[in-house]
Each structure stands twice: as structure tokens, then as C-alpha cells.
Amino acid sequence: MKNILFTFVLVFPILILLFFVIAIKKIDTEVVFVTKSIVSQENNLKRELFIDKRTSTRRVYFYTSENNKIIQFKREYRGFFSDWFSASESRKYENDAQLSFYSLRNDNRSLQPFFSLNNKEKGIRYYFDIFQYVKTQYFFIFLISLLGYIFVSAGLIDSYGGITQHKIKGISIVFNIFMVLIILFF
């Protein structure tokens with residue numbers, strides 16, 4: 001039983017990574033590349049693409065019109081690096097009247113996510129953008145899972161002899177916690 005529990009504790013970051021890969025693959029099959037004309041919804045700012053900074057996320061959004069219905073495409077980016085990267089990439093397209101992006105297929109909601117502005121190729125930026133979307137959608141679930149992982153792994157090491165008997169496992173648990181924190185806050 002001891003080895004099974006330690007194996008789960010050591011494999012936890014791989015399970016998190018596997019979840020990300022499955023979620024990214026699922027979203028990748030559900031998106032289509034579209035080009036839409038942008039509608040100025042908030043005329044006083046004279047911009048087409050809005051980049052909004054709030055407390056913990058950066059929001060990028062714009063509006064399109066389809067069948068006399070205004071549709072808002074909005075993305076939230078969480079994480080220090082992705083926050084500034086998304087802002088610098090989006091500023092290039094702030095005054096464009098027409099944007100190309102990936103959007104979910106057959107989604108008729110008035111608020112929709114978008115992926116990879118003006119990037120027709122499905123490269124590293126495209127998949128990184130989907131990764132950021134999945135991370136934002138499930139951020140608090142991952143955070144709670146990480147806290148549970150910390151308490152369970154610390155309790156296992158303590159109940160099976162402490163850190164003095166399991167130095168390698170303790171170091172790998174600290175390394176795993178560090179890696180999951182990088183994934184969550186990148």
C-alpha cells in the first residue's frame with residue numbers, strides 16, 4: 001500500500017499534464033478558423049480590440065455582428081508571463097477592422113472564446129493560447145488539487161518515517177509542487 005500511495009504522489013504532475021493534453025486536444029477538434037469584421041461597441045474609446053487589465057487576469061475582447069446580433073469574443077489570461085505576452089501580442093491588432101482567429105464551431109452564444117489572433121497556422125502560439133484558456137477555466141480546481149497534493153504527500157511522508165528516511169521522495173515531491181506551480185502561474 002505504501003508504494004502505491006507514493007507512486008500516486010510522484011505521478012500527480014503527470015496526471016495534471018495529461019489532463020491539459022486531453023483538454024487541448026478536445027478543444028482543437030472543436031475550433032474553426034474565421035475572419036470577421038469588428039464592430040465598435042464602445043464608441044468613445046475609438047478602438048476595435050479592447051485590452052483590459054483587472055486584478056488577477058487580463059481580458060482581451062472585441063465585438064462582431066452576425067444576423068443583426070452583437071457577439072462578444074472574450075478571453076481572459078491568467079499568469080504573470082501570459083498576462084504580459086497576451087497584452088503585447090493583442091496591441092498589434094488594436095485598431096484592425098477585421099480579425100482572423102479560431103473560434104468554437106456552431107456556438108451561438110453571445111459571449112464566445114477565441115484563440116490565436118491573426119495566426120492561421122496551428123503552431124506553438126495556437127496551442128499555448130488553448131493551454132491558457134484551459135488553465136483559466138479550471139484554475140481553482142487545479143489550485144485546490146495542488147493544496148490537497150501538498151497535504152496528502154506531506155502526511156504520507158510523515159506517517160511512513162519522515163523526511164529523514166525518504167529524502168529522494170521528499171525532494172521529488174517539492175520538485176513536483178514547484179512544477180505544478182509553474183504550470184498554474186506561468
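Contact here means heavy atoms within 4.5 Å. The structure shown in these views is a predicted model.

**View 1. Surroundings of Ser 116 in the loop between β7 and α3.**
Ser 116 follows strand β7 (114-115) in the loop that leads to helix α3. With a relative accessible area of 4%, Ser 116 is buried, because the cut-off for that class is under 20%. Apart from neighbours within four places in sequence, the residues in contact with Ser 116 are Ser 100, Phe 101, Tyr 102, Tyr 126 and Asp 129.

**View 2. Contacts of Val 31 and the largest nonpolar core.**
The largest nonpolar core holds 28 residues. Those that touch the most other members are Phe 20, Ile 27, Val 31, Phe 115, Ile 130, Val 134 and Tyr 149. At least two residues of this core come from each of α1 (2-29), β5 (98-104), α3, α4 (139-159) and α5 (167-185). Helix α1 gives the largest share, eight residues. With neighbours within four places in sequence set aside, Val 31 is in contact with Tyr 102, Ser 103, Leu 104, Arg 105, Phe 115 and Tyr 126. A second core, separate from this one, has 14 residues, among them Ala 87, Tyr 93, Leu 99 and Phe 101.

**View 3. Packing of helix α4 against helix α5.**
The axes of α4 and α5 lie 11 Å apart, and the helices pack at an angle of about 170°. Helix α4 is therefore roughly antiparallel to α5, since angles over 145 degrees fall in that class. On the α4 side the contact is made by Phe 139, Phe 142, Leu 143, Leu 146, Tyr 149, Ile 150, Ser 153 and Ile 157. On the α5 side it is made by Lys 169, Gly 170, Ile 173, Asn 176, Ile 177, Val 180, Leu 181, Leu 184 and Phe 185. Sorted by class, this contact of α4 with α5 has 13 nonpolar, three polar and one charged residues.

**View 4. Crossing of helix α2 with helix α3.**
Helix α2 (residues 80-91) and helix α3 (residues 124-137) have axes that come within 12 Å and cross at roughly 125°. The two helices are therefore oblique to each other. Their crossing is left-handed. Helix α2 contributes Phe 81, Ser 82, Phe 85 and Glu 89 to the contact, and α3 contributes Arg 125, Phe 128, Gln 132 and Lys 135. The contact of α2 with α3 comprises three nonpolar, two polar and three charged residues.

Key. Residues are numbered from 1 along each chain as its sequence is written. This is a predicted model: local features need pLDDT of at least 70, side-chain atom pairs count only at pLDDT 80 or more; totals for chains, interfaces and linings use all residues. Side-chain values use heavy atoms; hydrogens and water are left out. Axes are lines fitted to C-alpha atoms, for helices over the stretch in contact, and angles run from 0 to 180 degrees between N-to-C directions. Helices (H or I, at least four residues) and strands (E, at least two) are DSSP runs, numbered from the N terminus. Angles under 35 degrees count as roughly parallel, over 145 as roughly antiparallel, 65 to 115 as roughly perpendicular and the rest as oblique. A crossing is left-handed if the near helix is turned anticlockwise from the far one by less than a right angle, and right-handed if clockwise. Ala, Val, Leu, Ile, Met, Phe, Trp, Tyr, Cys and Pro count as nonpolar, Asp, Glu, Lys and Arg as charged, and the others, Gly among them, as polar. A nonpolar core is a set of buried Ala, Val, Leu, Ile, Met, Phe, Trp, Tyr and Cys residues joined through side-chain atoms within 4.5 Å. Buried means under 20% relative accessible area, exposed over 50%, partly exposed in between (1.4 Å probe, protein chains only).
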